[in-house]
Amino acid sequence: MFSYDHKAGITASTKALVQLRAMKNFKPDMGVKVIEDMSKIKEDFRLQLAPTRLDMYELFLGLLEDESVRSELQHKYGSSCGFVVDLLQICQHERDPKNLLVWFEILVALVRSYDASAEVTEEIFKAFSAYFPISLRTSATPAGITAEDLKSALRNCFAAHGRLATLAFPFLMQKLDQGDAVTVSVKVDILKTIKACVEQYENPQVSVVPHIEKIWSSLKYEVRNGEVKETIDATLEVLRAIANKLDGTSTQKYEASMLKNYIELVFSDTREDLSNSTYTKQAGLLLMTVVTCNVRAYVLESSNLIECLRQNIRQPKSPSHTKDLVLLLNSVLRARMDLVKNRANFNPEDEKLLQAESHTSLETLFHDVYLPLWTKRVNDPRLEEVDVLKQVAQGFALIVRQQAVGPDGQVLLLSSVTVCSEICFLLTQSLTQCLALSSNDNVVRDAALEDEIVLAVRSVVMNYTDGYAEFANKARAEIRKRDWTVPSKHSLRALTDLIMRLAFIGCSEIPSSAALGIPSQKTFSPLQHFITLASTALELFDTLSLSVAARPGVSVKESQVNAYIMAALHAGILHFCDACTEKYKQESLASYSKSDRDWVEEFRHMPRDWLRQLQENNGKSDEALASVKEDDPEVYRQFLRLSLFIVRYLYLADSTGESPTPWSGQTRIQLANIAAFVVGSLDEGLQRSCKLASEAFNLFRVDKSPSTLSGPRDSRTEPLTLGILRGLWPGTMTEMYNPDGVAQTFMCDSADAGSLTARESQIRASIGLILANKYKGGASTSDPDGQVMGQVMDYWGKQLKVATASTDISSTKLEALIIHAMHIIAGATARQDKNVLGLVLVFQEAIASQNGGTVARSIGILVQSNDLLTSENHAVFRRFYKQWVYSNLAKPLYNLALPTENGSEAAIRYTAAILSIASNCPFIVYEDDLEPLIRLIITALVNRTSLSKDIARLQVVPALEILVEVLANNPDSLKGHLRAIVDSVTAIYKESFHEHRERSKHDSKPVGRASVLHIVMCRKLVLQLLAALPKKFEVRYLLPFGHVLRRTLWEACGDPIRELRETARLARKNWLKIE
């Protein structure tokens, strides 16, 4: 068949031969016969269809890879390999991509498996090198085959065997040296092919070493004069591959002289470039690539490289040249760290090399290089010197982080305690000096440089762990030197910068346990930095409180410095929690937030200065802390324990009057946020064992059951109660809901309504919301019949009826009472408490009453987004509770909102109530009621001028919010109302803008914050609406409004508020397209 080209039978014959080859009795000589006979097709081979040729290729490949056939062919033909020549002749014109992949596999098999003569090997090389560089037309690409597949297959041919080295390297270098005629993609392909050859050729002394000088001579210019990142990276990969090849493998090392000669070759050509600022970076890349690619290369030549850099740093050409040199030196140190860290993955000889490494060049770097550079520039750095200082700061950190491998394999810090301490002092001095400066000092503080120093200090103290205590002591001493009774804004900014950095540096990572060459005076603990921060913060807190108390006449408002200390402590807790999450992963931490011990009871038997004692001996006095290891997630549990101690300490300081001066409200809110986070991080069982539900009202003062408390009356400490309640799991609070217990007593208390400040009222309402939301009645609880929430809802139903019907209640008390009621009902609403449904008629009557405007405006609180109702605060909320509220409270009001029902004023208030609820719901909730809802919105906007200002304000903002939402989701529903919408919103913007301008002109203060917010929100929503209209409607719908709106928006571009000006410019740009 193959001899006479019976085309109809070749495919069938090939398939039949494939089956025969797979049979048990297929003899090797038969395989030889098949190859010889198939080769007789000669020139007719390329006339076959591509699928037929593919079948033949696969048959060839299968036979050539068969070990018995291979032995027979080698025995019969010897090194002449005559069958190879025949095979090359019939296949050399292949162009089909799919067939080429198999053909390249055949050529790889011929090179690797057959001991051919040099002449035959050259012919094979010519066969595949003719395709290089290979490309692929998209139109000719079979499914699943890419150009990269062909390049990779052809690359395997070049790298098939070391006997190709004398052919492959000259060929590839000749291609590379064609200059501009070579495209970037082709050049990258060439470089990848050279790398593959270097990596896969065996016996590098014969296959690679003879070609190194030629390869280096061509490749060095790709980096020295190169501008394209892809080619530079590919070139460096080749140079790195050569160094690694000459070093050996993880199981076998080659003669060191080969690697040493190669590095010296690179060194000799790049040494001079280090002193030339134009080529310093490029020379550094080349040297770094070969010197730091493996342990042996580093040990052989790193000292020469460091010495060369040292000499050039002493005689730099410019600040930028200095920066580049220091950057290169830092890169050497960073690469050494990686080599030491990953030494277990290398050859065992590498460990011995690191143990025997001379450290002289490294140990002198601090005093010879980095310290002179720092002291010369740090006091008054010019702009061009700042980048040098950034690199020096990084260098300081890298020096401290260097580790030495001892003879027994133990890792020690390479630098001495003295050097580490001096580095820590120099860096932290730059951070603490901000307190010594006044706003009049002519000193430029570069934020980027300070940020770099902060990161450097963090690296230092994570390795030289005593350094953090030194920094904390210095910071504490600097803070205590100053008078903080009535600090300036500049001083407060400086204080904030310092203590926030102190928190970040010590707590954003978990310290390393690498030992110093000289043992530290303290036992290492992974929690020692957190303990130091907490102890320092608490000591500063007490100290500053005493200093304020010693100054009579200073108000609580003026002495807010403790709020900044509290904020830094909070930041430190958050940072350490994030560090635990990153190190131990969130999944493993879940089981370490549990414990069956009563930590609070244990704290009662501890001294007040327990944290200070822990700091002095790094937790050695505490059994649980002393046993915890760096890699043990138990660190997280002990962190929570310490954090709870801090919360209890501060709660007692405020609630029992231990603090010598009253706290500001902001300080208590900061502490409440800390408590919410710490308590919320504890497992439900741990909260229960610590009896934290009772502490929400006891504030750690006494040990009573929460059911016996009558509820707090001290609005001063209510933020602290809110903090604990936020973090509690509902399951730990069940005892609070005894009939007439603390929860019910608190929720049914409205005696102080109207007498509290706005903030105090909001905090009390938030406590009520949480208590109502985390209620858990029913069987096996303290309220098996579910009476408590029914009684609470009944209480507030009566209060709403009385308050809204009253003629002598003040507006302040009315608003406080209604907002308090709405928050409590909102907590129950989130979990769809059925008792809320009993208030539907109460709401309707209250809205219709003469005081119903406040109810209509506030009813949206029931579905308003609230940070307290989130999973982070363990809140209970149903997925579709907003739909539930809308259906039961808002829908029944649509008919009542018609002007003919119950008088026009009542209808207006019903409309306001509907809009208040709908504006706080997702679009999908009210989508089915769009038609009546849009009619109500249009009516509210059009008729607003006939209403009083207060009544109009009930409707305008929620109406605009809903219009923006409808426009985004269903603009077609607004087509018939465009004229009314555009006229109304344009008028609203002008009125709001005019009111804002009049206030500014007469320098009159706004009536209240709500009044100003209303003016701004109206303008913001109008501009958002107008900006979106051109994107949602065709031009023909908007043409009638184009001229007027472009003029209005042009005026709006001068709005006093920047954010509104930006929105106005965007809207005007969109409307300019409406022509």
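1. In this predicted model, Lys-260 touches Leu-300 and Glu-301, when residues up to four places away in sequence are not counted. Lys-260 belongs to helix α14, which spans residues 256-274. The C-alpha atoms of Lys-260 and Arg-296 lie 9.1 Å apart, although the two residues are separated by 36 positions in sequence. Lys-260 is partly exposed, because its relative accessibility is 31%, a value between the limits of 20% and 50%.

2. Confidence should be considered before the local details. The mean pLDDT of the chain is 87, and 92% of its residues reach 70 or more. Helix α1 (residues 7-21) has the lowest confidence, with a mean of 71, whereas helix α43 (residues 881-890) has the highest, at 96. Over residues 704-712 the pLDDT falls below 50, yet this stretch makes 22 contacts in the model beyond near neighbours in sequence. Where pLDDT is low, the predicted coordinates should not be read in detail.

3. The packing of helices α21 and α23 deserves comment. The axes of α21 (residues 386-401) and α23 (residues 447-463) come within 8 Å of each other and cross at roughly 5°. The two helices are therefore roughly parallel, since the crossing angle is under 35 degrees. On the α21 side, the contact includes Val-386, Leu-389, Phe-396 and Val-400; on the α23 side, the participants include Leu-449, Ile-453, Ala-456 and Val-460. Charged residues also take part, among them Lys-390 and Arg-401 of α21 and Glu-452 of α23. By class, the residues of this contact divide into 11 nonpolar, 3 polar and 3 charged.

4. How many disulfides does a search of the whole structure find? The search finds 0. For Cys-293, the nearest cysteine sulfur is that of Cys-308, 18 Å away, and Cys-293 is in no disulfide. Cys-308 is likewise in no disulfide, its nearest cysteine sulfur being that of Cys-293. The distance of 18 Å rules out a bond between these two, because a disulfide requires sulfur atoms within 2.5 Å. Cys-293 is buried at a relative accessible area of 17%, and Cys-308 is buried at 5%.

5. Val-885 is placed in helix α43 and is buried, with a relative accessibility of 2%. Beyond its neighbours within four places in sequence, Val-885 contacts Thr-829, Leu-862, Val-863 and Ala-890. Between Val-885 and Glu-1034 there are 36 Å from C-alpha to C-alpha, at a sequence separation of 149 residues.

6. Ser-593 occupies the loop between α28 (586-589) and α29 (599-604). Is this loop residue, Ser-593, buried or exposed? Ser-593 counts as buried because its relative accessibility of 10% is under the 20% limit. Outside the residues up to four places away in sequence, Ser-593 touches Tyr-636, Leu-640, Ser-681, Leu-682, Asp-683 and Leu-686.

7. Several backbone features merit inspection. A cis peptide bond, with omega of about -5°, joins Phe-132 and Pro-133; Pro-133 sits in the loop between α7 (118-129) and α8 (147-158). Asn-203 is not a glycine but has a positive phi of about 50°. Asn-203 lies in the loop between α10 (184-200) and α11 (204-207) and is partly exposed at 45% relative accessible area. Lys-585, also a residue other than glycine, has a positive phi near 70°. Lys-585 is located in the loop between α27 (561-584) and α28, and counts as partly exposed at 48% relative accessibility.

Terms used:
Residues numbered from 1 in each chain as written. Predicted model: local features only at pLDDT ≥ 70, side-chain atom pairs only at ≥ 80, totals over all residues. Heavy atoms only, no water. Buried < 20%, exposed > 50% of the residue type's maximum accessible area, 1.4 Å probe, protein only. Axes fitted to C-alpha atoms, helices over the stretch in contact; angles between N-to-C directions. Helix = DSSP H or I, 4+ residues; strand = E, 2+ residues; numbered from the N terminus. Parallel < 35°, antiparallel > 145°, perpendicular 65-115°, else oblique. Contact = heavy atoms within 4.5 Å. pLDDT = per-residue confidence, 0-100.
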